[in-house]
Amino acid sequence: MKTSLHLSSLVLAAAGVFQPPAHAAVHEHLELEATLLAPYRGDVRGVHPDARTFTLSFAYPGLRGRRPVRWRLDLVAPSGRRVARWQGRVVLAGTPADVVVRWTGSVAGHRPASGVYRVRLHAASGVESVDQAWDIAVGSLPAPALPPFAPLATGHARMLAVPAAGALPYTVYYGNLHSQTRDSDGGGPVDTCHGAQDPQTAPYGPDAAYPYARRHGLDVLMVSEHNHMYDGSDGTNPDADPAQARAMYQAGLATAREFSAANPGFLALYGMEWGVIGNGGHLNIFDSDELLGWERNGKGELIADTETPKSDYAALYTLMRQRGWTGQFNHPALAGQFVVNGTPLAYTPDGDAVMALCEVVNSSAFSNSENEGETRRSNFEQACNKLLEAGYHVAFSSNQDNHCANWGASYSNRSAVLVPAGVPLTRASFLEAVRARRVFATMDKDAQLVLTANGHLMGERFDNAGALHLQVAYASTSGRQAATVAIMEGVPGRNGDVTQLSDQADVTTTPAPGAHFYYAKVTQDDGKVLWSAPVWVAQAALPLNPRLRPAPNKVAMPSTAKISAARPCTSFSADEPAARRAAIRSPKYTAGTFAIIMPSVVPATTDTAEL
Ligand SMILES: [Zn+2]
């Protein structure tokens, strides 16, 4: 569920678009979906090496009847200028539709200047619209220089939990923090599953999800059931038995606890995806032992443990804060979601105290791929940035929202948490890491990204005076290289736009006095992207004596810019060939972490490529 929806089910019903059955007044997933697959690299072979094919995928799950969708695809140069546009119309009738757009690789008959371009999709149907954007590489781009980085230990069963010498003292655990099973509208068999299941009808529940995820290499699986489907209905079931609903929620929690206890190194989480899409917004609560809800059966009994008014986000945040719970904004839309006092994605101090994560990229909720082959992906970075600019302290996460029985296997994306070395992975240590925002989002489960600022780890909030040294550390355990780096900058509470500070991985800047946040984004040579958690910096006012002021906004590069972009993992499985193990153990991988490199000042680089 990943689009903006501005109309109520009443409007839909009145328009004759949708005839709800008695117990299913609102189909939870009834909305326009549109994704854009934009290959990061061109075809290489042929006359135009930048030529490539974009794939637009449209769907309207649960649609009865026909629905036209208008779409527009823009190619935007690094300067911000639009250099190409394609547009068209497609009529949806029950089944998904793909539209293929071929770019010849030239602009106005010429080969375009090299740079990172942006491909933007806008799709609209009635009052619903979806916007998606992905970066692509055009021409040849120099690989960025990266600071030395000793990869962190990982919790993967196939790797030993031994960090590289000099590595930060954390273990990285890779999870999928958003999925459904039979307890709500997930758990459909992969061979027949193409979307949301009728609540509580599918064959697979949490007891199937956790072993599946563990077998497929995940360290963490969060089963997040729609909180309003414990009555066995998309709408409200007047015959629902509240005791049964509450018991099902407790049974899910027990299944998770027991599976975690029986499988050290794997964390099974169970909880809720709270809210509705239309005039709502979905958020995950990772750690509630109470079922929350607003629906009542025909006898007027609450079908939950604790009443939470529907779509009252301010009240929910306050309850979460009282209870000490932790949440994630799920697939946030730019408009019409998480509304408080008429403002979407609105800041409240209680919300800021409890909401720790924001989904930045999800793979399709209705994927039935079991080999990480899903190509439909939705990007929510703009909405997450809006939350950051509103003042939220959220780190990025990337999840699968599985509704079919392929938990964690539909794509290679993960949310990764950093747990202190030697501390076992438990619900408590996971929550501690999430609350500290020691989290990164990655489209590649075999990669790591860490941002530090004056030695502070990503996720931290700290006071600063003078220069701020930002370093982006990246590692791949599968031989990938970083193709581009971006350090993004914003101001909490400004409600403005996040901008790119630098395309370098090692930067010294002097922030203007006041509050700032910075996060890093690395795009790999295969186009997969990683997002660090932000750091939040409160910059002291400038000293009064101008001679004591730090030089403003100098961007610095290390003088030793010859560090390889990726290093193999220093851990290995017992069945690795001996030669490879020896190679991996080679002392060249024992470089210290975040060595202080004296910077030599160079002019700030800006994106000025013109066509
Ligand atoms: Zn959702």
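Which residue in strand 20 does Ser415 stand opposite? In this predicted model, that residue is Ala441, and the first close-up starts from there.

**View 1. Strand 20 sits between two antiparallel partners, strand 19 and strand 29.** Strand 19 (residues 414-420) is joined to strand 20 by 4 bridges, and the Ser415 position faces Ala441. Strand 29 (residues 529-532) connects to strand 20 through 3 bridges, with Thr442 standing opposite Leu530. Have a look at both faces of strand 20 (residues 439-442): Val439 and Ala441 are buried on one side, and Phe440 and Thr442 are buried on the other.

**View 2. Helix 7 has buried residues on one side.** Here we're looking at residues 427-435, where Phe430, Ala433 and Val434 are buried. These three span an arc of only 100 degrees around the axis, so they end up on the same side of helix 7. That fits a handy rule: an α-helix has 3.6 residues a turn, so residues three or four places apart point the same way. The cover over the buried residues of helix 7 includes strand 10 (220-226), strand 11 (267-274) and strand 16 (355-363), along with strand 19 and strand 20 from the previous view. Just past the end of helix 7, check the backbone at Arg437, which takes a positive phi of about 60 degrees.

**View 3. Ala245 is a buried residue of helix 3.** Helix 3 covers residues 242-262. Why call Ala245 buried? Because 26 other C-beta atoms lie within 10 Å of Ala245, and the cut-off for buried is 20 or more. Setting aside residues up to four places away in sequence, Ala245 touches Tyr230, Asp231, Ala240, Leu291, Ile303 and Ala304. Asp305 is 60 residues away along the chain, yet its C-alpha atom is 9.0 Å from that of Ala245.

**View 4. Tyr474 belongs to the largest nonpolar core.** That core has 152 residues, and those with the most contacts inside it are Leu221, Leu269, Leu387, Val394, Val472 and Tyr474. Not counting neighbours within four places in sequence, Tyr474 is in contact with Leu146, Phe149, Ala447, Gln448, Leu449, Ala482 and Val522.

**View 5. Four strands make an open antiparallel sheet.** Reading across, the order is 22-21-24-27. Strand 22 (456-457) and strand 27 (506-509) are the edges; each has a single partner strand, so one side of each has no neighbour in the sheet. Further in, 7 bridges link strand 21 (residues 447-453) to strand 24 (residues 468-476), and Thr452 stands opposite Gln471 in strand 24.

Note on methods. Residues are numbered from 1 along each chain as its sequence is written. This is a predicted model: local features need pLDDT of at least 70, side-chain atom pairs count only at pLDDT 80 or more; totals for chains, interfaces and linings use all residues. A residue is buried if 20 or more other C-beta atoms lie within 10 Å of its own, exposed if 12 or fewer, and partly exposed in between; C-beta atoms are placed from the backbone. Two strands pair if DSSP finds at least two bridges between them. The arc is that of the directions from the helix axis to the C-beta atoms. Two residues are in contact if their C-beta atoms, placed from the backbone, lie within 7 Å. A nonpolar core is a set of buried Ala, Val, Leu, Ile, Met, Phe, Trp, Tyr and Cys residues joined through C-beta atoms within 7 Å.
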